[in-house]
Amino acid sequence: MRPAKAAISNELQGHWILEDMRYSQSPVRSHMRRLGIISGDSGQDFRRMGTLQSFDRTWYGRVMVERLEGFCSENDWKRAYNEMNEFEKELHDWGAVIIKFWVQIDKDTQLERFNDRQNNPEKRWKITDEDWRNREKWDQYEEAVDEMLKKTSTTFAPCIFWSPLTRNMHVSKH
């Protein structure tokens, strides 16, 4: 788990007694299907788990990485907003409480971290040419993130924007 994700997890655990918290980097639907929360493609068969489940950003990959890298068509990534909102609405209607955090650092902090990794032999393995190539697309990613937050923050599944640098949180408007 990355430091920001660990901080959020620790913050949540500090406020609630959690019997079981799971963290997943796999896409939400396939992960829930594997756990038996949903079956088939319908997403209608929900089973209560009594746990807190934390999902990584992969659920939103279609409207960010896949979009910017050309791994899907424009129609596919535009359709994904509706699919995400419909699925999260199904979870909400089932009784799930959905809290989505978007954790972001600024461009200067990212560069500082990249340089630290590049110049530290113990951290060098954490940085690749791909990281530097993606950094060149910062402005495109920022635009995609802004659109994602606007189109997926809903009354039933709000996005909470958190800056670890300032420790400020605010809920994205829906």
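This report walks through a predicted model of one protein chain, from its overall make-up down to a few individual residues.

## The chain as a whole

Let's start with the broad picture. The protein chain contains seven helices and five strands. Following the sequence from start to end, these elements come in the order α-β-α-β-α-α-β-α-α-α-β-β.

The chain has 174 residues, and 35% of them count as buried. About 11200 Å² of the protein chain is exposed, with carbon and sulfur atoms supplying 50% of that area. Among contacts in the chain with a separation of 6 or more, 61% are between residues 24 or more positions apart.

## Helix H4

Helix H4 is a good place to look next. H4 covers residues 74-94, which makes 21 residues. From its first C-alpha to its last, helix H4 reaches 31 Å, close to the 30 Å expected at 1.5 Å a residue. H4 also has a kink of about 25°, and alanine 80 is at its centre.

Ala80 is itself buried, and so are Trp77, Tyr81, Met84, Asn85, Phe87, Glu88 and Leu91 in H4. After the helix comes glycine 95, which has a positive phi, near 125°.

## Glutamate 147 and its contacts

Moving further along the chain, we reach helix H7 (residues 138-152), where glutamate 147 is placed. Is glutamate 147 buried or exposed? Its relative accessible area is 18%, and residues under 20% count as buried, so glutamate 147 is buried.

Setting aside neighbours within four places in sequence, glutamate 147 is in contact with Arg67, Trp77 and Tyr81. Two of these names may be familiar from the previous section: Trp77 and Tyr81 are among the buried residues of H4.

## Around glutamine 104

Glutamine 104 is in the loop that lies between strand E3 (100-103) and helix H5 (107-119). The side chain of glutamine 104 makes a polar contact of 2.8 Å with the side chain of tryptophan 102.

Glutamine 104 can also be compared with a residue further along the sequence. Glutamate 142 is 38 residues away in sequence, while the two C-alpha atoms are 9.9 Å apart in space.

## Cysteines and disulfides

Finally, a look at two cysteines. Cysteine 72 has a relative accessibility of 14% and therefore counts as buried. Cysteine 159 is buried too, with a relative accessible area of 5%.

A disulfide is a covalent bond between the sulfur atoms of two cysteines. How many disulfides does the count come to? With a disulfide taken as a pair of cysteine sulfur atoms within 2.5 Å, the count is zero.

Note on methods
Residues are numbered from 1 along each chain as its sequence is written. This is a predicted model: local features need pLDDT of at least 70, side-chain atom pairs count only at pLDDT 80 or more; totals for chains, interfaces and linings use all residues. Side-chain values use heavy atoms; hydrogens and water are left out. Helices (H or I, at least four residues) and strands (E, at least two) are DSSP runs, numbered from the N terminus. Buried means under 20% relative accessible area, exposed over 50%, partly exposed in between (1.4 Å probe, protein chains only). Contact means heavy atoms within 4.5 Å. Accessible areas come from the Shrake-Rupley method with a 1.4 Å probe; for residues, only the protein chains shown count as cover. The expected span of a helix is 1.5 Å times one less than its number of residues. The bend at a residue is the angle between axes fitted to the seven residues ending there and the seven starting there. A polar contact is a pair of N or O atoms within 3.5 Å; within protein, one must be able to donate a hydrogen and the other to accept it, and residues adjacent in sequence count only if both atoms are side-chain atoms.
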